[in-house]
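User: Hi, I'm new to reading structures and I'd like to go through this one with you, a piece at a time. Could you help?

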Protein chains: 2
Amino acid sequence: MSAEFSFALNAIDGPARTGVISTPRGEIRTPAFMPVGTAGTVKAMLVDHVRATGADIVLGNTYHLMLRPTAERVASLGGLHKFMNWPHPILTDSGGFQVMSLSKLRKLTEEGVSFQSHIDGSKHMLTPERSIEIQCLLGSDIQMQLDECPAIPIEHDKARESMLLSVRWAERSKRAFEEKSQPGQALFGIVQGANYEDLRRESLDKLMEIGFPGYSIGGLAVGEGREEMFRVLEFTTPHMDGAKPRYLMGVGKPADIVGAVARGVDMFDCVAPTRSGRHGQAWTRAGAINIKNAQFSDDPEPLDPSSACPASRDYSKAYLHHLFRAGEYLGPMLLTWHNLHYYQELMAGMRAAIAAGGFSDFVAQFRAETGETIV
Amino acid sequence: MSAEFSFALNAIDGPARTGVISTPRGEIRTPAFMPVGTAGTVKAMLVDHVRATGADIVLGNTYHLMLRPTAERVASLGGLHKFMNWPHPILTDSGGFQVMSLSKLRKLTEEGVSFQSHIDGSKHMLTPERSIEIQCLLGSDIQMQLDECPAIPIEHDKARESMLLSVRWAERSKRAFEEKSQPGQALFGIVQGANYEDLRRESLDKLMEIGFPGYSIGGLAVGEGREEMFRVLEFTTPHMDGAKPRYLMGVGKPADIVGAVARGVDMFDCVAPTRSGRHGQAWTRAGAINIKNAQFSDDPEPLDPSSACPASRDYSKAYLHHLFRAGEYLGPMLLTWHNLHYYQELMAGMRAAIAAGGFSDFVAQFRAETGETIV
């Protein structure tokens, strides 16, 4: 393991890249999918099974953890890695996105965002400095600057105003990070600018001037649709520093991820495999199915008989159907496990295809198998 | 593995016994605790982990399975073992107890019991013959006769009337079982008679005349209290065939089980470890604790640092507390796992103590550690 945070590219194939991020807590193979462990647990999963699916890193949510059990409590218990029994890398978000989507009575100022907890109504203030302080208390290996993440569509002048605020917060975040962080931890800047090419370029230029070891692409997957998201990536990633990892935040479904890798993205997180698994949706090579549908009530076949994942291989669709119909814990447990394994297999397949110079064939096969038209 | 159902005692220590039940699907070490897998799953548990806790056998509930997904569907999918991916022995109840406790508009006659499903209101009739048919469709290794299980207190004449009905149903069950069962499967008769010594004796005499490879003690743990249950066992087990396994149905908490083993019982099932685990109660060597209590919010110690069970060893009480406060799946998953491991360790400890002739010391230590006064 490296004592420093670093990124090395192993191969490129068109805009698609494969490489390795090294951190003191382990390596992250890219393109990487990070399962979301919102409140210190990847929902309905044992942490050893998360690892066994092929995950090198998980994501923790600053907003949830700062409210419960609190960052100070996690720190006093030895940090988030020890708390959740995951010794491998952890990325945390800044908390800003979920403050805006989940909390009550939020108010955004130059200083930061004040809000009331959705859990108990308690009042909090999240500033760039406080977000970094929390992420350092958690012990996060890859941290995010506080940013504002407006929905699309948004008018150009408002998008620029918001983007410039995020840039100022990036500067403050970096200063706070330099004070509080441990060696080998990394802070990423977040590119904003909605779906405006000039604003994305301006955001990127300003962030690269400040200088970060990795850059996130924020403000996408906020309702703009897959085609529009891909269009934004196409005019954004070519201008990003090729030597630094590129993280597309909150994305996505398999076709989103494959398409974003094809457009030069290295890192992803999304609740899709875990949330949809809890609701009975299984991602398979042939696309997504809803296991609760009556057609599966007598289906003796597993989701994937050739899978290395017990959840995919050892239980019939009829059994999974029954578990969801009966409201049993085991249904979400098995389908989440299956979905995370599917996602990690997808990432491994992309890494291998890029390394072999056959990524366009991989994409063509993905289209053919899943029936996805926009990839 | 044996092609026959058989029971061999290895050691006795006072009334306590240890031995092995052999079935075509594997051996069951006694005293045995059978985790309850109501609807084809031990709730919130992966089946491999159920096995790893030391469980030789699990229980399935005929009432639940006959309603959903139906016994016929389970049979068409290859039987309950294959359905739930548990190749080891399975015991099923007759369905009668849960018809009386869960269903609507039930009516009991000499023929059987008619009822409406609590799930969809559909009408069903459970007779001794139908119960055996269902248990054979499920492929159960150890089956139970249909019986009536009245609550205590009950008047003597009503208790005798009910007990005699159960005896007549035992005869009908045995005839049906002889027609429908597979080699190596076993049917147990169920001793009834409430808390009346003469009725328990009469029930036992009549059942032994019919002849079964094992005998269950029914109608206990229905509100009579631990002392009264032990009193009934004390006048019942001495008259039971010592060469046959004795199964105390629906029991119980650790102190119930230790006390019942001390009174000659070999087999147990109970939802206590699984249900209480889902609700935040953890059984430990020092007794039960509620992990949701505020005192555990900062407790860095695991439930049992010396345990072989990951759930007991690898997560702090503070983390478990957090998971329950946050309503995370992983809380019930880990606490159920811990509790089942605790129960199986308790059974293993009793088996070893009986084999070594030190069971009274074991009981004394259990009393001292848990503070239980009635054991």
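Analyst: Gladly, and let us start inside chain A, where Pro254(A), Ala255(A), Asp256(A), Ile257(A), Val258(A), Gly259(A), Ala260(A) and Val261(A) are the buried residues of helix H10(A). Please keep in mind throughout that this is a predicted model.

User: How many of the residues of H10 in chain A are buried, and what does that say about the helix?

Analyst: Eight of the eight residues, running from 254 to 261, are buried, so the helix is largely enclosed by the rest of the structure.

User: OK, new topic. How many residues does each chain bring to the contact between B and A?

Analyst: Chain B gives 37 residues to the contact, and chain A gives 37 residues as well. The area buried between the two chains is about 3200 Å², and carbon and sulfur atoms supply 60% of that area. On the side of chain B, the residues that lose the most area to chain A are Leu46(B), His322(B) and Tyr329(B), which together make up 20% of what that side buries.

User: Why do people talk about area when they describe an interface?

Analyst: The size of an interface is often given as the accessible area lost when the parts come together.

User: And how many salt bridges are found across it?

Analyst: Four salt bridges are found across the interface of chain B and chain A. In one between Glu328(A) and Lys43(B), the closest N and O atoms are 2.6 Å apart. Counting polar contacts, there are 12 residue pairs across the interface, with both residues at pLDDT 80 or more.

User: Which elements of chain B give two or more residues to that side?

Analyst: They are helices H1 (47–52), H3 (71–76), H4 (80–84), H13 (317–325) and H14 (330–355) of chain B. If you sort the residues on the side of chain B that touches chain A by type, you find 21 nonpolar, seven polar and nine charged ones.

User: Let's look at the backbone now. Which residues of chain B have a positive phi although they are not glycine?

Analyst: Two to look at are Ala44(B), with a phi of about 70°, and Ala194(B), with a phi of about 50°. As background, most residues other than glycine have a negative phi, and most peptide bonds are trans.

User: Where is Ala44(B), and is that residue buried or exposed?

Analyst: Ala44(B) sits in the loop between strand S4 (32–35) and helix H1 of chain B, and its relative accessibility is 1%, so it counts as buried. Ala194(B) is in the loop that runs between strand S11 (186–191) and helix H8 (197–210) of chain B, and at 3% relative accessibility Ala194(B) counts as buried too.

User: Which peptide bonds are cis?

Analyst: One is the bond from Ile152(A) to Pro153(A), with omega near 10°, and Pro153(A) belongs to the loop between strand S10 (142–144) and helix H7 (156–180) of chain A. Another joins Val251(B) and Gly252(B), with omega about 0°, and Gly252(B) has its place in the loop between strand S13 (246–248) and helix H10 (254–261) of chain B.

User: What about Thr127(B), buried or exposed?

Analyst: Thr127(B) has a relative accessible area of 8%, which is under the 20% cut-off, so it counts as buried. Thr127(B) lies in the loop between strand S9 (123–126) and helix H6 (128–138) of chain B, and a polar atom of its side chain is 2.9 Å from the backbone nitrogen of Arg130(B).

User: Setting aside its neighbours within four places in sequence, what does Thr127(B) touch?

Analyst: Thr127(B) is then in contact with Glu111(B), Gly112(B), Leu146(B) and Arg172(B).

User: And Thr70(B), where is that one?

Analyst: Thr70(B) is found in the loop between helix H2 (62–67) and helix H3 of chain B, and at 25% relative accessibility Thr70(B) counts as partly exposed. A polar atom of the Thr70(B) side chain lies 3.1 Å from the backbone nitrogen of Arg73(B).

User: Last topic, strands. How many bridges join S1 and S2 of chain A?

Analyst: Seven bridges join strand S1 (residues 6–13) to strand S2 (residues 16–23) of chain A, and the two strands run antiparallel. Ala8(A) stands opposite Val20(A) in S2(A), and in the hairpin, which has two residues between the strands, Gly14(A) takes a positive phi near 65°.

Technical notes. Residues numbered from 1 in each chain as written. Chains lettered and ligands numbered in written order. Heavy atoms only, no water. Helix = DSSP H or I, 4+ residues; strand = E, 2+ residues; numbered from the N terminus. Buried < 20%, exposed > 50% of the residue type's maximum accessible area, 1.4 Å probe, protein only. Polar contact = N/O pair within 3.5 Å; in protein donor to acceptor, adjacent residues only side chain to side chain. Contact = heavy atoms within 4.5 Å. Buried area = accessible area lost by both parts, 1.4 Å probe. Salt bridge = Lys/Arg side-chain N within 4 Å of Asp/Glu carboxyl O. Nonpolar A, V, L, I, M, F, W, Y, C, P; charged D, E, K, R; others polar. Pairing = 2+ DSSP bridges.
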